[in-house]
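Here are my notes on the model you sent over. I've kept them as numbered points so you can go through them with the structure open.

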Amino acid sequence: MWADYFETPASKREKLLNVISLEITGTPLQAMVEAPLMVRENDWVERDWPLNRRPCHEDANKWPKVQRYVLMGVQGAFTDFHIDFAATLVYYHVVWGHKRFLFAPPTSANLAAYRAWTSSARQESEWLGYALQNLTRVDIHTGETMLIPAGWIHAVSTLEDTLVIGGNFLTDYQVSMHWRIEEMEVATHVPRKFRFPHLMRLAWYVAHGWYERLESVVEDEDHQKDVHDHKHTSNACAMVLTPRVIDGIQQLCKRLGAEIHKLETQAPSSKAYKAAHEAVPRDVVKDPKALLEALRAQLEARTTMRKRRRRR
């Protein structure tokens, strides 16, 4: 039993074991774990994946269930350098214990070194840290919470028995990094079971979500103009898209455009076509190409509107 092992004094353990992938959504423990508010407000899954498409028990593997992990590490355990799947951000709360991280920013040089290392036969014997630039050490203790940014390369050492609650999430702010690491995972043949689950289906849900939000803003603005005869500012203007969010939506459209290209150019019997076709959530996306074109048009319209306002 894991509990017996975990409670055994360090000096009496025959092996070092590390639990790093126990996701508890759909279990009684779910009621005891909630991600920080900032995470819940920005998480693509939380915001855009339909609630009725999140089964907890049967077919629970049909949606990205990565929000609530319990991690249990014993003194001396070590996790080598890695990037969390699809460059997800991570919230990391130490219930009790002590962890030490080594972080390297996702610069082009560091990502090139990481990619070469993960593809090397010497991975188990070669210390990647020698090839990384601007390494930073971070210690996290009982009661502390840390947010790991998208794409940061990190290794983890457990300095004393530690219980952690954490979760992975994608946001509108780091989309280009999400796709960059996804491409690296594919190129380096990372097994699908170690990659972000249902990433393309999630991307379609996010695109549909943004289309609905932007469409509601346009409709509200039109309504306000009719009611107030152009004399008052629309409440819809409260939705301010920062340059980073606009860039994120554009990067989302670019990636989904590549999926459309597969659907239009690949043979229906090919693996590429089948994967692209199966990823489209037909419950909300009836015509993926039309959705993408409409979302791009909305972004272009908002960009034009912003430029006009600046000139006034």
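1. Let's start with a pair of side chains: which residue does Asp 48 meet in a salt bridge? The partner is Arg 47, with N to O at 2.8 Å. The two ends of this pair sit in different settings, by the numbers: Asp 48 is buried at 10% relative accessible area, while Arg 47 counts as partly exposed at 27%. Salt bridges that share partners also bring in Asp 172 and Arg 213, so that Arg 47, Asp 48, Asp 172 and Arg 213 make up one network.

2. Before going further, a word on confidence. This is a predicted model. Its average pLDDT is 90, and 91% of the residues score at least 70. The stretch to treat separately is 223-237, where the pLDDT is below 50. In the model, that stretch has twelve contacts beyond near neighbours in sequence.

3. Now the overall layout. The protein has 312 residues, of which 43% count as buried. Its secondary structure comes to nine helices and seven strands, and the C-alpha trace spans about 75 × 45 × 45 Å along its principal axes. Among contacts with a separation of 6 or more, 83% are between residues 24 or more positions apart.

4. On domains, the assignment gives domain 1 as 2-194 and domain 2 as 199-223 + 237-310. Their C-alpha centres are 28 Å apart. Where the two meet, 16 residues of domain 1 are in contact with 18 residues of domain 2.

5. Which residues have the most contacts inside the largest nonpolar core? They are Tyr 92 and Phe 196, in a core of 51 residues. Helix H6 (residues 199-228) gives the most to this core, with ten residues. Both domains take part: at least three residues come from each of domain 1 and domain 2. There is also a second, separate core of 31 residues, which includes Val 19, Leu 89, Leu 132 and Met 184.

6. Tyr 92 is a good residue to click on. Leaving out residues up to four places away in sequence, Tyr 92 touches Leu 71, Lys 99, Phe 101, Ile 140, Glu 144, Thr 145, Met 146, Val 156, Val 164, Ile 165 and Gly 166.

7. Tyr 69 is another one to look at. This residue lies in strand E2 (residues 69-73) and is buried, with a relative accessible area of 13%. Again setting aside residues up to four places away in sequence, the contacts of Tyr 69 include Ile 20, Ser 21, Leu 22, Glu 23 and Phe 85, and also Val 164, Ile 165, Gly 166, Gly 167 and Asn 168. If you want a distance to check on screen, the C-alpha atoms of Tyr 69 and Thr 142 are separated by 17 Å, with their positions 73 residues apart along the chain.

8. Back to charges. A search of the whole structure finds 15 salt bridges. One of them joins Arg 100 and Asp 139, whose closest N and O atoms are 3.0 Å apart. This pair links distant parts of the chain, 39 residues apart: Arg 100 is in strand E4 (residues 89-104) and Asp 139 in strand E5 (residues 136-141). Arg 100 is partly exposed at 28% relative accessibility, and Asp 139 is partly exposed at 22%.

9. A helix-to-helix case is Arg 115 with Glu 183, where the closest N and O atoms are 3.5 Å apart. Arg 115 sits in helix H4 (residues 108-118) and Glu 183 in helix H5, 68 residues apart. Arg 115 is partly exposed, with a relative accessible area of 31%; Glu 183 counts as partly exposed too, at 41%.

10. Last, a charged residue without a partner. What is the nearest side chain of opposite charge to Arg 195? It is Glu 185, 4.3 Å away. A salt bridge needs a nitrogen-to-oxygen distance within 4 Å, and Arg 195 has none, although this arginine is buried. Arg 195 lies in the loop between helix H5 (175-187) and H6. Beyond residues up to four places away in sequence, Arg 195 touches Phe 85, Glu 185, Val 186 and Val 190.

Note on methods. Residues numbered from 1 in each chain as written. Predicted model: local features only at pLDDT ≥ 70, side-chain atom pairs only at ≥ 80, totals over all residues. Heavy atoms only, no water. Core = buried A, V, L, I, M, F, W, Y, C linked by side-chain atoms within 4.5 Å. Buried < 20%, exposed > 50% of the residue type's maximum accessible area, 1.4 Å probe, protein only. Helix = DSSP H or I, 4+ residues; strand = E, 2+ residues; numbered from the N terminus. Domains from an automatic or database assignment. Contact = heavy atoms within 4.5 Å. Lys, Arg positive; Asp, Glu negative; His and termini not counted. pLDDT = per-residue confidence, 0-100.
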